[in-house]
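Please open the structure in your viewer and keep the sequence panel beside it, since this tour moves from one selection to the next. At each stop, make the selection first and then read what is there.

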Amino acid sequence: MDTGLLAVPGALTPSECFAAQSGGARYVKIFSARIGGPEYIRDLVPVLPGLQFVASGGISTDEAALRPWFHAGAALVAVGRELGTAGTVGTAEVTRRAVGLGGVRDALRAGGSPAR
């Protein structure tokens, strides 16, 4: 049954990434990405062509911290607690911060700097 939802399996090793790709995954969440850093994503990209990587785990929302992940080839960067929580900053603020990161992502992919 096609639900229209995107499944993103988690992996860490190249073998796990290959298994996910063989199973039909287009994206794989690398967790915890901080273990290998952006260099690990850079190493995975040529080995698994066609697979998109989502770096996740301990990644700061600061532009300077995000830049290396996108330059290494990450398609997306997942952030969680770095956005805050609805209980501490409010749902509207978490949403505002998340939407703002989309602009940072787009600018970094284009090679520029986000507008402030």
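Begin by selecting Arg67, which lies in helix α3; helices here are DSSP runs of H or I with at least four residues, strands are DSSP runs of E with at least two, and both are numbered from the N terminus. Arg67 is partly exposed because its relative accessible area is 22%, where buried means under 20%, exposed means over 50% and partly exposed lies in between, computed with a 1.4 Å probe and with protein chains only. Now add Pro38 to the selection: the two residues are 29 apart in sequence, and their C-alpha atoms are 9.5 Å apart in space.

Before going further, note that this is a predicted model, in which local features need pLDDT of at least 70 and side-chain atom pairs count only at pLDDT 80 or more, while totals for chains, interfaces and linings use all residues. Residues are numbered from 1 along each chain as its sequence is written, and side-chain values use heavy atoms, with hydrogens and water left out.

**Helix α3**

Stay with this helix and select Phe70, which lies in α3, residues 63–72. Is Phe70 buried or exposed? Phe70 counts as buried because its relative accessibility is 11%. If you draw a distance from the C-alpha atom of Phe70 to that of Ala55, which is 15 residues away along the chain, you should find 9.2 Å. The buried residues of α3 are Glu63, Leu66, Trp69, Phe70 and Ala72, and you can colour these together. Just after α3, select Gly73, which takes a positive phi of about 115 degrees.

**The whole chain**

Zoom out to a cartoon view, where the chain shows five helices and four strands, running from the N terminus in the order β-α-β-α-β-α-β-α-α. Of the 116 residues in the chain, 32% are buried. Among contacts (heavy atoms within 4.5 Å) between residues at least 6 apart in sequence, 50% join residues at least 24 apart.

**The sheet**

Next, select the four strands, which form an open sheet in the order β1-β2-β3-β4 with parallel pairing; two strands pair if DSSP finds at least two bridges between them. Strands β1 (10–11) and β4 (76–78) stand at the edges with a single partner strand each, so one side of each is left without a neighbour in the sheet.

Look first at β1 and β2, which pair in the parallel sense over two bridges, and find Gly10, whose bridge partner in β2 is Lys29. Then move to strand β2 (residues 27–31) and strand β3 (residues 52–56), which run parallel and are joined by five bridges; here Tyr27 stands opposite Gln52 in β3.

Which residues of β2 are on its covered face, and which are on its uncovered one? Val28 and Ile30 are on the covered face, whereas Tyr27, Lys29 and Phe31 are on the uncovered face. In a regular strand the side chains alternate between the two faces of the sheet.

Show the side chains of Lys29 and Phe31, where the charged end of Lys29 sits over the ring of Phe31, 5.6 Å from its centre; this term applies when NZ of Lys or CZ of Arg is within 6 Å of the ring centre and within 35 degrees of the ring normal.

**The end of β2 and its surroundings**

Follow the chain onward to the peptide bond from Phe31 to Ser32, which is cis, with omega near -5 degrees. Most residues other than glycine have a negative phi, and most peptide bonds are trans. Ser32 is found in the loop between β2 and α2 (37–47), and this residue is buried, with a relative accessible area of 10%. Leaving aside residues up to four places away in sequence, Ser32 touches Leu12, Ser56 and Gly57.

Finally, select Ser56, which is found in strand β3 and is buried, with a relative accessible area of 10%. Again not counting residues up to four places away in sequence, Ser56 touches Lys29, Ile30, Phe31, Ser32, Ala33 and Ala78.
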